[in-house]
Amino acid sequence: MSTLTTERLDLTPVSLPLLEAVIRGDRLEAEALCGAHFPDAWPGRALVERAFSSPLDRLRDDPEAFLWGTRLMVTRGQVERVVVGSVVLNGRPDATGTVEIGYGVEGKSQGQGYATEGSRAVLHWALQQTAVKRVIATTPAWHRASLRVIEKLGMRAAGTLDHDLLGELLVFERFRE
């Protein structure tokens with residue numbers, strides 16, 4: 001999987017060794033593997049477990065399936081390359097050709113358009129993959145920033161679903177054209 005580039009970001013693929021270094025809290029190895037500095041408070045094991053919809057053991061058993069399309073958002077064109085967030089595709093597309101996209105930006109970098117810029121590039125990449133027919137995103141109705149990103153990605157409302165921890169989530173979708 002290749003790195004995607006945007007005006008301000010390199011979207012670098014997440015590998016199992018990188019994920020393992022993050023889980024172990026080995027900042028030096030994680031930074032060496034991705035070629036960028038991590039912010040002090042990001043990421044951590046809790047974020048990794050929340051970002052991926054499968055237990056870590058399943059990730060380790062089949063990393064190519066669960067890390068499919070997942071990328072770090074790394075600043076480019078600056079003196080120091082810094083990880084500002086990630087865009088996660090929750091595994092390979094299912095039997096219907098659907099894949100879910102999620103994104104997160106570390107606190108100090110929020111509000112600068114990184115989520116939209118990075119997610120747009122990964123969404124475009126995903127919709128170019130033969131097996132993908134539809135990309136969905138879910139968010140609670142109260143999460144205004146996430147709703148703005150979803151709107152900017154050109155996704156349309158597709159219903160709701162109940163989540164065990166988060167309650168009702170709004171579902172949005174975008175189809176391959």
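**Exercise 1. Find the residue in β8 that stands opposite histidine 163, and place this pair in the sheet.**

Step 1. Histidine 163 faces glycine 167 of β8. Strands here are DSSP runs of E with at least two residues, while helices are runs of H or I with at least four residues, and both are numbered from the N terminus.

Step 2. A note before going on: this is a predicted model, in which local features need pLDDT of at least 70 and side-chain atom pairs count only at pLDDT 80 or more, while totals for chains, interfaces and linings use all residues. Residues are numbered from 1 along each chain as its sequence is written, and side-chain values use heavy atoms, with hydrogens and water left out.

Step 3. Strands β7 and β8 (residues 167–175) run antiparallel and are joined by seven bridges. Two strands count as paired if DSSP finds at least two bridges between them.

Step 4. Now step back to the open sheet, where eight strands follow the order β1-β2-β3-β4-β5-β6-β8-β7 with mixed pairing. Its edges are β1 (4–5) and β7 (156–163), each of which pairs on one side only.

**Exercise 2. Walk from β1 to β3: which residues stand opposite each other?**

Step 1. Begin at β1, which a hairpin of three linking residues joins to β2. These two strands pair in the antiparallel sense over two bridges, and threonine 5 stands opposite aspartate 10 in β2.

Step 2. Continue to strand β3 (residues 71–75), which runs antiparallel to β2 and is joined to it by five bridges. Here leucine 11 has methionine 73 of β3 opposite.

Step 3. Check the surroundings of β2 (residues 9–13): four of its five residues are buried, so the strand is largely enclosed by the rest of the structure. Buried means under 20% relative accessible area, exposed means over 50%, and partly exposed lies in between (1.4 Å probe, protein chains only).

**Exercise 3. In what sense do β4 and β5 pair, and in what sense do β5 and β6 run?**

Step 1. Strand β4 (residues 83–89) pairs with strand β5 (residues 98–105) in the antiparallel sense, over five bridges. Valine 87 and tyrosine 103 in β5 stand opposite each other.

Step 2. By contrast, β5 and β6 run parallel, joined by three bridges. Look for glutamate 100 opposite isoleucine 136 in β6.

Step 3. Stay in β6 (residues 134–139), where you will also find threonine 138. Threonine 138 is partly exposed because its relative accessibility is 22%. Threonine 138 and leucine 169 are 31 residues apart in sequence, yet their C-alpha atoms lie 5.9 Å apart.

Step 4. Finish at the loop between α6 (114–128) and β6, which holds alanine 131. With a relative accessible area of 46%, alanine 131 counts as partly exposed. From alanine 131 to alanine 95 there are 36 residues in sequence and 8.9 Å in space, C-alpha to C-alpha.

**Exercise 4. Which residues form the positive surface patch, and which helix gives the largest share?**

Step 1. The patch consists of Arg120, Arg144, Arg148 and Lys152. Patches take residues with over 30% relative accessible area and no salt bridge, joining like charges within 9 Å and nonpolar side chains (Val, Leu, Ile, Met, Phe, Trp, Tyr) within 5 Å. A salt bridge is a side-chain nitrogen of Lys or Arg within 4 Å of a carboxyl oxygen of Asp or Glu.

Step 2. Helix α7 (residues 144–152) supplies the largest share, three residues.

Step 3. One resident of helix α7 is lysine 152. Lysine 152 counts as exposed because its relative accessible area is 52%.

Notes. Areas by Shrake-Rupley, 256 points an atom, 1.4 Å probe, with all protein chains shown as cover. Lys, Arg positive; Asp, Glu negative; His and termini not counted. Charge placed at Lys NZ, Arg CZ, Asp CG, Glu CD.
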